[in-house]
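Student: I would like to learn how to read a ligand site in a model. Where should one begin?

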Amino acid sequence: MSFTLRGVGVSGGIAIGHAHLVSHVTLEVAHYAVPQSEIENEVARLDSAFNMVRAELDSLHASVSGPAAAEYGAFLDLHRMILDDSTLSVAAKTYVTQNQCNAEWAVTQQMNVLLEQFEQIEDDYLRERKTDVVQVVERVLKALLGHPGYVPPPVKHDGDSILVAHDLSPADVIQYKRHRFTAFLTDLGGLTSHTAIVARSLNIPSIVALHHARQLIRDNDLLIVDGSQGVVIINPDKHVLSEYRSRQSQLELEKRKLKRIKTTAATTLDGCSVDLFANIELPQDIEQVKESGATGIGLFRSEFLFLNRDDLPTEDEQFEAYRTVARKMQGLPVTIRTFDLGADKNLDSAKRVAVNPALGLRAIRLSLAEPQMFHTQLRAILRASRHGQIRILVPMLSCVSEIDQTLRLIENAKQSLREEKITFDEKIQVGGMIEIPAAALSLDIFMRKLDFLSIGTNDLIQYTLAIDRTDDSVAHMYDPLHPAVLRLVAHVIRSASRAKVPVAVCGEMAGDISFTRLLLGFGLRQFSMHPAQLLRVKQEVLRSNVPVVTPLTHKILKADDPVKIHQLLKKLND
Ligand code: PEP
Ligand code: MG
């Protein structure tokens with residue numbers, strides 16, 4: 001039977017392919033009584049789940065190769081040891097028999113026992129391995145619940161698989177960079193959640209906030225994903241299918257045509273020159289940056305170097321990553337944002353304890369609370385600064401004391417390198433992200449102390465409107481055109497331009513062509529976005545005339561009625 005689901009399209013385009021369901025099993029499992037006559041079967045179910053996971057781990061072990069093989073192998077050995085620990089594998093069976101309950105419940109109870117044992121361990125490293133215990137139990141639960149597999153799962157329909165998940169963390173999505181899915185669908189998530197941003201960077205259609213996709217779509221169903229409209233059609237009939245196939249070819253054609261302007265300078269009709277920079281998460285994204293014709297990196301989300309691993313990246317490892325990017329950009333600006341960890345990008349998923357993580361110890365707050373970790377990163381960035389035009393960008397600054405502390409720590413890192421006679425760019429520029437209303441409203445102090453600014457509209461909108469950007473239940477309220485947001489963005493661009501402090505927008509607004517003219521009219525001349533969006537934005541810049549659009553943008557700024565604002569924006573873009 002054919003049916004349609006609607007969600008929030010976070011990355012445009014059309015994909016046609018087969019559903020590949022993955023589950024991120026939460027540990028909230030059901031608890032129910034099992035009759036005496038079924039106990040033997042329940043124990044056998046448990047045995048077979050453990051065997052399945054053993055086989056999974058063994059086959060993973062056999063498949064690892066490349067530079068990370070040793071490290072990954074050790075990680076798999078550890079998981080195998082945890083799996084075979086008698087507290088889990090043997091005691092869970094005893095638990096089922098003694099308590100006459102289901103296997104899932106028994107495993108989670110024994111997991112708690114094992115976690116408590118880990119808690120008592122004095123060795124920090126071993127104590128930290130609690131996350132691995134949870135991950136192993138997740139695998140066992142997946143096997144018990146009838147969908148074994150690991151993340152990332154094997155792709156069955158090579159080249160046409162569409163990933164369907166209840167939720168994905170940014171760390172999950174980044175792993176999928178290596179897999180060739182043609183689209184992403186999730187039940188949860190908001191338009192500018194980091195998960196959506198990473199999915200967008202993969203340059204494939206993605207839809208979030210579908211609510212029940214994971215329940216309603218079955219493995220292998222044929223799907224049409226229309227990322228621009230936020231629509232999924234499940235098991236379409238042949239007429240619908242052929243209609244979408246022709247739309248898909250049309251889009252492909254347009255994409256190919258856009259490549260023609262790759263080397264064209266981004267200049268408006270009236271001769272205003274605009275910088276179009278790229279946002280990246282990992283050094284390997286540079287290939288896509290090169291293809292987009294970006295003239296710099298406006299945002300390197302360095303925290304992605306810290307995800308999907310058990311330890312912290314060393315100074316040398318970070319240095320290599322930053323140097324690679326700097327070298328490959330051949331003297332063009334490379335803006336490295338210091339790690340923006342916390343909130344939805346956690347080092348340790350077991351540590352997600354903050355009641356309100358987006359307002360908690362995130363970004364620069366975490367860096368200042370972990371000065372050693374910050375020092376390591378700063379040294380790595382400074383060392384790499386010799387190999388290109390690197391700039392440091394500091395996320396989520398809210399007050400002058402944070403700026404002062406940060407500048408002091410940068411100076412300390414510089415001094416430590418001087419003492420070791422390691423050269424670096426002494427004049428390296430330090431900028432701040434404007435993503436908290438407090439920063440936008442006290443801009444003078446930011447402009448006095450920093451070399452450049454970059455407006456993070458994703459967070460600026462989240463914090464101005466008090467909308468959690470990761471929460472799909474309020475996703476519909478996330479509004480870049482809210483008068484308060486527009487006024488803050490315009491204020492920052494104007495004030496910085498007047499003071500001759502370079503200012504960019506690096507949030508998702510910069511890559512959305514419906515806002516290109518608006519931002520040009522506000523005075524913006526530096527945009528940073530995912531490379532996949534860059535050529536379309538360039539096309540929009542080439543077609544815009546600043547003196548013509550500016551008066552209309554003033555009108556939009558004065559308007560306070562959402563309907564009027566939308567009408568004016570439409571007029572601006574026509
Ligand atoms: C932003 O907040 O707009 C931004 C660019 O940073 P991030 O999306 O990584 O929070
Ligand atoms: Mg941000």
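Student: Which residues come nearest to ligand 1?

Tutor: A residue is near a molecule if one of its heavy atoms lies within 4 Å of it. Of the 17 residues around ligand 1, the nearest are R301, R337, G456, N458 and R469. This is a predicted model, in which local features need pLDDT of at least 70, side-chain atom pairs count only at pLDDT 80 or more, and totals for chains, interfaces and linings use all residues. Residues are numbered from 1 along each chain as its sequence is written, ligands are numbered from 1 and chains lettered from A in the order in which they are written, and side-chain values use heavy atoms, with hydrogens and water left out.

Student: How do the residues of the shell around ligand 1 divide?

Tutor: Asp, Glu, Lys and Arg count as charged; Ala, Val, Leu, Ile, Met, Phe, Trp, Tyr, Cys and Pro as nonpolar; the others, Gly among them, as polar. The shell has eight charged, five polar and four nonpolar residues.

Student: Which polar contacts does ligand 1 have with N458 and R469?

Tutor: A polar contact with a ligand is a pair of N or O atoms within 3.5 Å. For N458, a backbone N or O atom lies 2.8 Å from an oxygen atom of ligand 1. For R469, an N or O atom in the side chain is 2.8 Å from an oxygen atom of ligand 1.

Student: How much of ligand 1 does the protein bury?

Tutor: Accessible areas come from the Shrake-Rupley method with a 1.4 Å probe. Ligand 1 taken alone exposes 290 Å², and the protein buries 100% of that.

Key
Polar contact = N/O pair within 3.5 Å; in protein donor to acceptor, adjacent residues only side chain to side chain.
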